[in-house]
Amino acid sequence: ALGARRGRLVRQLLTESLVLAAAGGALGVAFSYWLAGLLDPVIPEDLFRVGSISIDRTVLAFSLLVTFLTPVAFGLFPALAASRVDLTIGLKEGSKGSGSLATSTGRRVLVVSQVAMAVLLISGAGLMLRSFASVQRLDLGLEPERVVTAEMILPADDYPDADQRRAFMEEAVSAVGAIPGVTTASAVLWLPLNHETIPRRVAPGELAGAPEDEWPMATVNHVYPGYFETMGISVLSGRDFSLLDGPDARAVVAVNRPLAERYWPGGEAVGQTLLVGGPENPLAAEVVAVGAPVTHVAPAPRDMRAQCYRPALQAPGRRFFVVGRTDAEPATLVAGVRTALGAVAPDLPLTIRPMDDVVAENRMQWSIGSVFLGVFGGGALLLATLGIYGLISFSVAQRERELGVRLALGASRSEIRRGVAVEGLGLTGGGVGIGRALALGAGQLVSSALYGIDGTDPVTLGGVLALFLSVSALASFVPAARASATNPIAVLRSE
């Protein structure tokens, strides 16, 4: 009415949106740098990743571009709608205007969408947390507590033949076993849960000459005598390997329960013949023990596959791990293990770790996924809460005269509060319904990555429903209380 052009009004409203977006983007970038610095030293170096955690310039540029495009994309339409004003109605005394039906519907759609996405993310975080808790309770088949490990790699030039490697292994195990506080010591070529496994084709003696596709795969490991006791692996039947199971002795093998039940169901596996290596040139070994299944690759039930063990003295390798069980904390033995093995081979590099750290590293993928989904879900929940609160507050402000008239005509304040709260719960209900459907679909897609639960876990989905209903009630409480506190006399006098 005073002569401002429509373009001037649109530019002013867009400028306000851009200033808010720039402030939010700056805080987001600062938080990203802080979070990267916080996470980089926490994630182990030998976890499968490339380089260190840092803010990539390309990603940063893309994020800044999105930061400034978002207010333009989502602020342009409201700015155009706000600049399209009917001066006759807008200049009427006391007129507040409630906006068009399309604008009101658009706000509601956005809030419902926020709630739906928040439900999806919180449901995913809940499923990951429940899976992580199940993984924590998973029986690994071994007892990693109070076990210290030392990785050793023998140079090929210094230890060219098997006899030298065998003698060194015996000396290294003896040196660790002699450390005060170490109760038992042994060695293994491939440490469980160390991201490595050697599969081989195996078959019972009756399948000699059968096609290769009839020979299933099994995880094969080479262990020194005393390995099962040191690692806390139960030997269900038969005997442990001994120093007599050397290179000149008959080939022997130990199998886990799943392999024994597959080949000799209901029978006795000890004393049977197992063929190892495939049909071309298999090694015929006598089964001398049946042990409990061990989680070798990853803490998941599908890892409890067929496993067999050969004596390390019959097939020594250049790289192996010395393991020792102690009555004290494994970390207190690091210096002693380094000294003892350094006396055996002063020039060999050593990597000494408690077995608990190896297990924790494997569980980190579950914990990291849970943390990040929880953070993103919490952010989405906050945005949904603010969206519900903002829309209900705006609606109450626009309906101030209506609410005052209703109170003047006899409506109770509890009825006003209840009506406003129901509006907020209605928005939440729509978003929860959509988000729940999305969560069920996403749960089916990621069900193979879950453990102990499925993608439709009723505890998780029920908890998310209760959470959002509670959040909606809280977000609607303040606007509802403000609506019920409307002074009908003041409202009617302003008319």
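**Entry 1. A term, and Thr149**

I take contact to mean heavy atoms within 4.5 Å. With that settled, I looked up Thr149 in this predicted model. Thr149 is found in strand E1, which covers residues 147–153. I asked which residues Thr149 touches, not counting those up to four places away in sequence. The list reads Leu191, Val322, Val323, Thr351, Ile352, Arg353 and Met355. I then asked whether Thr149 is buried or exposed. Thr149 counts as buried because its relative accessibility is 3%, and buried means under 20%.

**Entry 2. The chain as a whole**

I noted 13 helices and 11 strands in the chain. The chain has 495 residues, and 41% of them count as buried. I found an accessible surface of about 25,800 Å² for the chain, with 62% of this surface belonging to carbon and sulfur atoms. Among contacts in the chain with a separation of 6 or more, 81% are accounted for by residues 24 or more positions apart.

**Entry 3. Asp457**

I located Asp457 in the loop between helix H11 (413–445) and helix H12 (458–484). Why does Asp457 count as buried? Its relative accessibility is 6%, and the cut-off for buried is under 20%. I next looked up the polar contacts of its side chain. The side chain of Asp457 makes one with the side chain of Arg130, at 3.0 Å. Another, of 2.6 Å, joins the side chains of Asp457 and Thr460. Leaving aside neighbours within four places in sequence, I recorded Leu127 and Arg130 as the residues in contact with Asp457. Arg130 thus appears in my notes both as a polar partner of Asp457 and in this list of contacts.

**Entry 4. Helices H5 and H8**

I examined helix H5 (residues 162–177) and helix H8 (residues 334–344), whose axes come within 9 Å. At what angle do these axes cross? The angle is roughly 145°, and the crossing is right-handed. On the H5 side, the contact is made by Phe168, Glu171, Ala172, Ala175 and Val176. On the H8 side, Ala340, Leu341 and Val344 take part. I sorted the residues of this contact by kind and obtained 7 nonpolar, no polar and 1 charged.

**Entry 5. Two pairs apart in sequence**

I placed Met364 in helix H9, residues 355–398. Met364 counts as buried because its relative accessibility is 15%. I compared its position with that of Phe132: the two are 232 residues apart in sequence, while their C-alpha atoms are 9.3 Å apart in space.

I placed Asn487 in the loop between H12 and helix H13 (488–494). At 42% relative accessibility, Asn487 counts as partly exposed. Asn487 and Gly404 are 83 residues apart in sequence, and I noted 6.4 Å between their C-alpha atoms.

**Entry 6. Two residues with positive phi**

I looked up Arg146, which is not a glycine but has a positive phi of about 65°. Arg146 is in the loop between helix H4 (101–136) and E1. With a relative accessibility of 35%, Arg146 counts as partly exposed.

Leu193, also not a glycine, has a positive phi of about 65°. I found Leu193 in the loop between strand E2 (182–188) and strand E3 (199–204). Is Leu193 buried or exposed? Leu193 counts as buried, since its relative accessibility is 1%.

Methods: Residues numbered from 1 in each chain as written. Predicted model: local features only at pLDDT ≥ 70, side-chain atom pairs only at ≥ 80, totals over all residues. Heavy atoms only, no water. Helix = DSSP H or I, 4+ residues; strand = E, 2+ residues; numbered from the N terminus. Buried < 20%, exposed > 50% of the residue type's maximum accessible area, 1.4 Å probe, protein only. Areas by Shrake-Rupley, 256 points an atom, 1.4 Å probe, with all protein chains shown as cover. Polar contact = N/O pair within 3.5 Å; in protein donor to acceptor, adjacent residues only side chain to side chain. Axes fitted to C-alpha atoms, helices over the stretch in contact; angles between N-to-C directions. Left-handed = near helix turned anticlockwise from the far one by under 90°. Nonpolar A, V, L, I, M, F, W, Y, C, P; charged D, E, K, R; others polar.
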